[in-house]
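Me: I've got a structure open and I'd like to learn how to read it. Can we go through it feature by feature?

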Amino acid sequence: MEDKYAQIFTRVKAATIDGIVIIVLMYSATEILNLFEAAPNYIRISVFVSIFLVYEPILISFFGATVGHFFSDIVVKREHDEQRNILFPKAVIRFICKFSLGWISLLTISGNEKKKAIHDHVSGSVVLKYKTDKQGD
């Protein structure tokens, strides 16, 4: 039986892609704000902080995946109902824990059957492979 939970390498790949996406979004926001001569700094800061803070929780709670997850063929679902996305408040808690602990959170993945990081334990989520390769069947 093939393991349905995402491996650490796949999760790191997704996080790297998401980092690039966030940088592109912030650059795009900068270019848009530059179209307005007198855009105050507090507006710029608010836009950047908002992009950073809501990107992952919104995408995970509504779609079950960020752009990085999508391109890595993984999804984030509820641990006890793997057909459903996690709720937005839990996605926010998951993101805050993930951001606060950084790579330390990922170190726990190999220590449990469902390959859950600390932030998955806190939010009651699991990261699943979205597609399975059935070559040779």
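Me: Let's start with charges. Which lysine forms a salt bridge with Glu 79, the closest N and O atoms being 2.6 Å apart?

Reply: One thing up front: this is a predicted model. The general idea is that side chains of opposite charge can pair when their charged atoms come close. Here the partner is Lys 116, whose salt bridge with Glu 79 has its closest N and O atoms 2.6 Å apart. Glu 79 lies in the loop between E1 and H4 and Lys 116 in the loop between H5 and H6, so this pair ties together parts that are 37 residues apart in sequence.

Me: Is Lys 116 buried or exposed?

Reply: Buried: the relative accessible area of Lys 116 is 4%. Glu 79 counts as buried too, at 17% relative accessibility, because the cut-off for buried is under 20%.

Me: What other salt bridge does the side chain of Glu 79 make?

Reply: Glu 79 also meets Lys 114, at 3.3 Å from N to O. That pair again links distant parts of the chain, with Lys 114 in the loop between helix H5 (103–106) and helix H6 (118–123), 35 residues from Glu 79. Lys 114 is partly exposed, with a relative accessible area of 23%.

Me: How many salt bridges does the count come to?

Reply: Eight. Take Glu 56 and Lys 98, whose closest N and O atoms are 3.2 Å apart. Glu 56 sits in helix H2 and Lys 98 in helix H4, 42 residues apart. Glu 56 is buried at 7% relative accessibility, while Lys 98 is partly exposed at 22%.

Me: Which residues do salt bridges with shared partners join into one network?

Reply: When you read salt bridges, check for shared partners as well as single pairs. In this model, Arg 11, Glu 56, Arg 94, Lys 98 and Asp 120 are joined that way.

Me: What does His 119 touch, leaving aside its neighbours within four places in sequence?

Reply: For a contact list, look at which parts of the chain turn up. His 119 is in helix H6, and its contacts are Arg 11, Arg 94, Cys 97, Lys 98, Ser 105, Leu 106 and Ser 125. With Ser 105 there is a polar contact, side chain to side chain, at 2.6 Å. His 119 is buried, with a relative accessible area of 1%.

Me: On to the greasy side. Which residues make up the largest nonpolar core?

Reply: For a core, look for buried nonpolar residues whose side chains join up. The largest one has eight: Ala 6, Ala 14, Ile 60, Ile 74, Val 76, Ile 86, Ala 91 and Val 127. There's also a second, separate core of six residues, including Ile 22, Ala 29, Ile 51 and Leu 59. Back in the largest core, Val 127 has a long-range contact list that includes Lys 4, Tyr 5, Arg 11, Arg 94 and Asp 120, not counting residues up to four places away in sequence.

Me: And on the surface, which residues make a nonpolar patch of about 750 Å²?

Reply: Ile 45, Val 49, Leu 53, Val 54, Ile 58, Phe 62, Phe 63 and Phe 88. Then ask which element contributes: helix H2 (residues 41–63) gives the most, with seven residues. Phe 88 is found in helix H4 (residues 88–101), and is partly exposed, with a relative accessible area of 36%.

Technical notes. Residues are numbered from 1 along each chain as its sequence is written. This is a predicted model: local features need pLDDT of at least 70, side-chain atom pairs count only at pLDDT 80 or more; totals for chains, interfaces and linings use all residues. Side-chain values use heavy atoms; hydrogens and water are left out. Patches are made of residues with over 30% relative accessible area and no salt bridge: like charges are joined within 9 Å, nonpolar side chains (Val, Leu, Ile, Met, Phe, Trp, Tyr) within 5 Å. Accessible areas come from the Shrake-Rupley method with a 1.4 Å probe; for residues, only the protein chains shown count as cover. A salt bridge is a side-chain nitrogen of Lys or Arg within 4 Å of a carboxyl oxygen of Asp or Glu. Helices (H or I, at least four residues) and strands (E, at least two) are DSSP runs, numbered from the N terminus. Buried means under 20% relative accessible area, exposed over 50%, partly exposed in between (1.4 Å probe, protein chains only). A nonpolar core is a set of buried Ala, Val, Leu, Ile, Met, Phe, Trp, Tyr and Cys residues joined through side-chain atoms within 4.5 Å. Contact means heavy atoms within 4.5 Å. A polar contact is a pair of N or O atoms within 3.5 Å; within protein, one must be able to donate a hydrogen and the other to accept it, and residues adjacent in sequence count only if both atoms are side-chain atoms.
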